[in-house]
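Let's take a walk through this structure together. Keep the 3D view open and follow along as we go.

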Amino acid sequence: MPTAIAEAPTPEAIQSFNVTLIIRRFDPEVDAEPRWQDFDVEMYATDRVLDALHKIKWDQDGSLTFRRSCAHGICGSDAMRINGRNRLACKTLIKDLDISKPIYVEAIKGLPLEKDLIVDMEPFFDSLKDVQPFLIANSKVEKGKERTQSVAERARFDDTTKCILCAACTSSCPVFWTDGQYFGPAAIVNAHRFIFDSRDEGSEVRLDILNDKEGVWRCRTTFNCSEACPRGIQVTTAIKEVKQAIMRGKP
Amino acid sequence: MPDKSAEALAETQPVGKSPRNKLKAPAGTLYRGREGMWSWVLHRITGVAIFFFLLVHILDTSLLRLSPEAYNAVIGAYKTPIMGIGELGLVAAIGYHALNGVRVILVDFWSVGTKHQKLMFWLVIILWFVLLLGFAPRHLMNVFGG
Ligand code: SF4
Ligand code: FES
């Protein structure tokens, strides 16, 4: 009996699908322009786009270049444009895509393309550094005591603590595509996380930085960032809260 | 980083060995944004259109200071069916820009504005159509009916 149970979910019983991926490739040493290339892979409904990329790299074309690390939606390495929308390859299930048509995969937009699905993230991290994304607290606490915070105070910035810096939001923003100087949603999200933290004392500096012409006022509320965020962060709402804090002059 | 091994692999394996290379365009796909993005695209287009109208409008109105005859001649030249259609387009552009402008203000200033942005977008579209349904027939009657 136990053997019968163990045998039940044999691999044959699970239906697999033939999926076509069309990937935008670019090798700076060979190509003058990016080009589209298609691959056929055998996939299960529960596989993810990242698994398809692995199958291609391991079995078909080892030159396919992409970034990934955790493969579980926490390191933020594999944001890419899947069927025209920014997604994490490791969080996009095959069953959630229409596989009767090919799946288009390309690098995120607005950052310099380096190779295949890899872009230069430096400009992205530069704007992050500019907003000083760390706790600024110079006042002394009573010896042996901690900086306490109420549940309500913590809740104010809870949403923006979840960011994994994948750049899906920033590279989905039409303003950022045309104006690379714009801080971009991700930097504002990470500024929000400290601006609204009751223990932090650097809000004034950050609000001042984001009051720049390339700061929050560049936001045109297209909501692409909120749609793209794999962590479900209400990015546009966070930007709006920072806008209002700037107008109030305090968080 | 283009490392050595990847390079070597690319050389030994014919790149693009799959024959079906229908897609030649090197450009990326169009970003598939949703209501928010399209509302912004329309806002931009109508905004730029209104800007050019205002530019021409200020120029022709300033003719009045030069000579009323010249002004009358220019304004008279506007009374053609093509300009009539253009006027309909102008009302459509201003209508959308105004309605969506209110939506953008609400998104930024109403506490739950960001939550209801999609609903507000469709409301804008409905109100816009109602506006045009009221305006277009009457206006076109004036233009073509004489
Ligand atoms: S806010 Fe969301 S989309 Fe943007 S970088 Fe953070 S996790 Fe990625
Ligand atoms: S590989 Fe880490 S987030 Fe996808």
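Let's begin with ligand 1. Sorted by class, the residues in its shell are 11 nonpolar, no polar and one charged. One thing to keep in mind as you look around: this is a predicted model. So who is in that shell? You'll find Cys163(A), Ile164(A), Leu165(A), Cys166(A), Ala167(A), Ala168(A) and Cys169(A), along with Ala186(A), Cys229(A), Pro230(A), Arg231(A) and Ile233(A). Arg counts as charged, so Arg231(A) is the charged one here.

Ala186(A), one of the residues around the ligand, also takes us to our next stop, because it is listed in helix α6 of chain A. This helix runs over residues 185-195 and is mostly covered, with 11 of its 11 residues buried. Among them are Pro185(A), Ile188(A), Asn190(A) and His192(A). What do these buried residues pack against? Their partners in chain A are α3 (122-130), α7 (203-210), α8 (224-228) and α9 (235-248). Look toward the end of α6 for a charge over a ring: Arg193(A) places its charged end over the ring of Phe194(A), 4.3 Å from the centre.

Now hop over to helix α5 of chain A, residues 174-178, where you'll meet Phe176(A). Is Phe176(A) buried or exposed? Its relative accessibility is 3%, and buried means under 20%, so Phe176(A) counts as buried. Leaving out residues up to four places away in sequence, Phe176(A) touches Gly110(A), Leu111(A), Thr170(A), Ser171(A) and Tyr182(A). How does Phe176(A) relate to Ala187(A)? The two are 11 residues apart in sequence, and their C-alpha atoms are 12 Å apart in space. Another charge-and-ring arrangement is found in chain A: Lys109(A) lies over the face of Trp177(A), 4.3 Å from the ring centre.

Rings can also pair with each other, and over all chains there are seven aromatic pairs. In chain B, Phe51(B) and Phe52(B) make an edge-to-face pair, 5.3 Å centre to centre with 75 degrees between the planes. Phe52(B) has a relative accessible area of 47%, so it is partly exposed. Then there are Trp128(B) and Phe129(B): their ring centres are 6.0 Å apart and their planes sit at 70 degrees, so this pair is edge-to-face. Trp128(B) has a relative accessible area of 15%, which means it is buried. Finally, add Tyr96(B) to Trp128(B) and Phe129(B), and you have one aromatic cluster.

Terms used
Residues are numbered from 1 along each chain as its sequence is written. Chains are lettered from A and ligands numbered from 1 in the order in which they are written. This is a predicted model: local features need pLDDT of at least 70, side-chain atom pairs count only at pLDDT 80 or more; totals for chains, interfaces and linings use all residues. Side-chain values use heavy atoms; hydrogens and water are left out. A residue is near a molecule or strand if one of its heavy atoms lies within 4 Å of it. Buried means under 20% relative accessible area, exposed over 50%, partly exposed in between (1.4 Å probe, protein chains only). Helices (H or I, at least four residues) and strands (E, at least two) are DSSP runs, numbered from the N terminus. Contact means heavy atoms within 4.5 Å. Rings of Phe, Tyr and Trp (its six-membered ring) pair if their centres lie within 6.5 Å; planes under 30 degrees apart count as stacked, over 60 as edge-to-face and the rest as tilted. A charge sits over a ring if NZ of Lys or CZ of Arg is within 6 Å of the ring centre and within 35 degrees of the ring normal.
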